[in-house]
Amino acid sequence: MPENIPANNTSGSSIMLKAVNLTRKFDRKVIFENVNFELTPSSATAITGRNGSGKSTLIKIIANLLIQSSGELNLFNKGEKVKKENVFKYIGFVSPYLNLYDEFTGYENLKIISDIRGSGHGNIDNVLKRVGLYNRRNDLLKIYSSGMKQRLKIAFAILHEPKIMLLDEPTSNLDLEGISVVDDIANEYKRDRILIIATNDAHERSLCGNEINLNEIKQS
Ligand SMILES: Nc1ncnc2c1ncn2[C@@H]1O[C@H](COP(=O)(O)OP(=O)(O)O)[C@@H](O)[C@H]1O
Ligand SMILES: [Mg+2]
């Protein structure tokens, strides 16, 4: 096999997410220290650790929503560093911390995020069907159940078909049918993209081949 991957290989195949000695403190409290990884497409990684070990903190740093205290995190595309302001284009993120607009419908919420991202509206109906919300698309979010809101968050994350999918406890609040939507998406994304799941749930963990265990990394 040649060492160089051809540039026109399948979608997302030439990206790499690399962390070197990633450390995060809040005030003087060290949450995790010296986390190192190098992730490439066709991989699924679980971030595990007890409550408060920093799983959500680490995934927010990867999503570029929070900054590390020290160490480096870079995304490379075809060997070039992606500028921080462009990282969001590569990332889909499902998180308990994501806020949706209660005063708008499901459809309108997706339209707003598409406008912010500068992508078209052409994919919205398909995505709503995929997460099982198409029939409820014109209902205001304030009458959605927590499981329906979780499905809408998944719709947000897949709308722009990102190359890196970050899921923070994605099956929480979901019924069996909702869990199978997450499973399908996880299986699809790990095929040729980078999938990362922050979790303590055995089922979510089982979707991943690799593990970053923050209990083992945390110092002091
Ligand atoms: N904004 C913040 N300010 C201060 N401490 C925080 C903040 N966010 C998280 N923490 C603390 O960081 C630790 C890790 O939190 P978190 O990443 O949510 O853990 P996990 O997702 O593993 O349960 C916890 O002790 C939490 O209280
Ligand atoms: Mg968490």
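Let me start with one residue, R151. Leaving out residues up to four places away in sequence, R151 touches V131, G132, L133, L174, D175, E177, G178 and V181. Keep in mind that this is a predicted model.

Where does R151 sit? R151 is found in helix α4, residues 146-158. Is R151 buried or exposed? Its relative accessibility is 8%, so R151 counts as buried. The cut-off for buried is under 20%.

Now take Q150. Q150 also lies in helix α4. Its relative accessible area is 5%, so Q150 is buried too. Which residues does Q150 contact, apart from neighbours within four places in sequence? They are V94, E169, P170, S172 and L174. Note L174. L174 is in the list for R151, and L174 is in the list for Q150.

Next, the ligand. Which residues are around ligand 1? Going along the chain, we have F26 and I31, then R50, N51, G52, S53, G54, K55, S56 and T57, and then Y97. By class, that shell holds six polar residues, three nonpolar and two charged.

Let me go through some contacts. Start with the backbone. A polar backbone atom of G52 is 2.8 Å from an oxygen atom of ligand 1. For S53, a backbone N or O atom lies 3.3 Å from an oxygen atom of the ligand. Then a side chain. An N or O atom in the side chain of K55 is 2.8 Å from an oxygen atom of ligand 1. How much of ligand 1 does the protein cover? On its own, ligand 1 has 570 Å² of accessible area, and the protein covers 59% of that.

Which element gives the most to this shell? Helix α1, residues 55-62, with three residues. So let's look at α1 itself. Seven of its eight residues are buried, so α1 is largely enclosed by the rest of the structure. The buried ones are K55, S56, T57, L58, I59, I61 and I62. K55, then, is buried, and K55 has that side-chain atom 2.8 Å from a ligand oxygen. After α1 comes N64, with a positive phi near 70°.

A quick word on helices in general. An α-helix has 3.6 residues a turn, so residues three or four places apart point the same way.

On to the sheet. It is an open sheet of four strands. What is the strand order? It reads β2-β1-β4-β5, and the pairing is antiparallel. Which strands stand at the edges? β2 and β5, the latter being residues 80-81. Each has a single partner strand, so one side of each is left without a neighbour in the sheet.

Let's walk across it. First, β2 with β1. Strand β1 is residues 15-26 and strand β2 is residues 29-39, and they pair over seven bridges. K18 stands opposite E38 in β2. The hairpin of β1 and β2 has two residues between the strands, and there D27 takes a positive phi near 55°.

Now β1 with β4. Strand β4 is residues 70-77, and seven bridges join it to β1. Here K18 comes up again: K18 stands opposite N74 in β4. A19 has a bridge partner in β4 as well, namely L73.

Last pair: β4 with β5. Two bridges join these antiparallel strands. F76 has K81 in β5 as its bridge partner. This is another hairpin, with two residues between β4 and β5. K78 in the turn has a positive phi of about 50°.

Two residues from the sheet to finish. N34 is in strand β2. Buried, exposed or partly exposed? At 42% relative accessibility, N34 counts as partly exposed. Leaving aside neighbours within four places in sequence, N34 is in contact with N21, L22, T23 and I217. N34 and R24 are ten residues apart along the chain, and their C-alpha atoms are separated by 8.9 Å.

The other is S70, in strand β4. At 36% relative accessibility, S70 also counts as partly exposed. Not counting residues up to four places away in sequence, S70 touches N21, L22 and T23. Those three names are also among the contacts of N34. How far is S70 from S114? They are 44 residues apart in sequence and 33 Å apart in space, C-alpha to C-alpha.

Key:
Residues are numbered from 1 along each chain as its sequence is written. Chains are lettered from A and ligands numbered from 1 in the order in which they are written. This is a predicted model: local features need pLDDT of at least 70, side-chain atom pairs count only at pLDDT 80 or more; totals for chains, interfaces and linings use all residues. Side-chain values use heavy atoms; hydrogens and water are left out. A residue is near a molecule or strand if one of its heavy atoms lies within 4 Å of it. A polar contact is a pair of N or O atoms within 3.5 Å; within protein, one must be able to donate a hydrogen and the other to accept it, and residues adjacent in sequence count only if both atoms are side-chain atoms. Accessible areas come from the Shrake-Rupley method with a 1.4 Å probe; for residues, only the protein chains shown count as cover. Ala, Val, Leu, Ile, Met, Phe, Trp, Tyr, Cys and Pro count as nonpolar, Asp, Glu, Lys and Arg as charged, and the others, Gly among them, as polar. Buried means under 20% relative accessible area, exposed over 50%, partly exposed in between (1.4 Å probe, protein chains only). Two strands pair if DSSP finds at least two bridges between them. Contact means heavy atoms within 4.5 Å.
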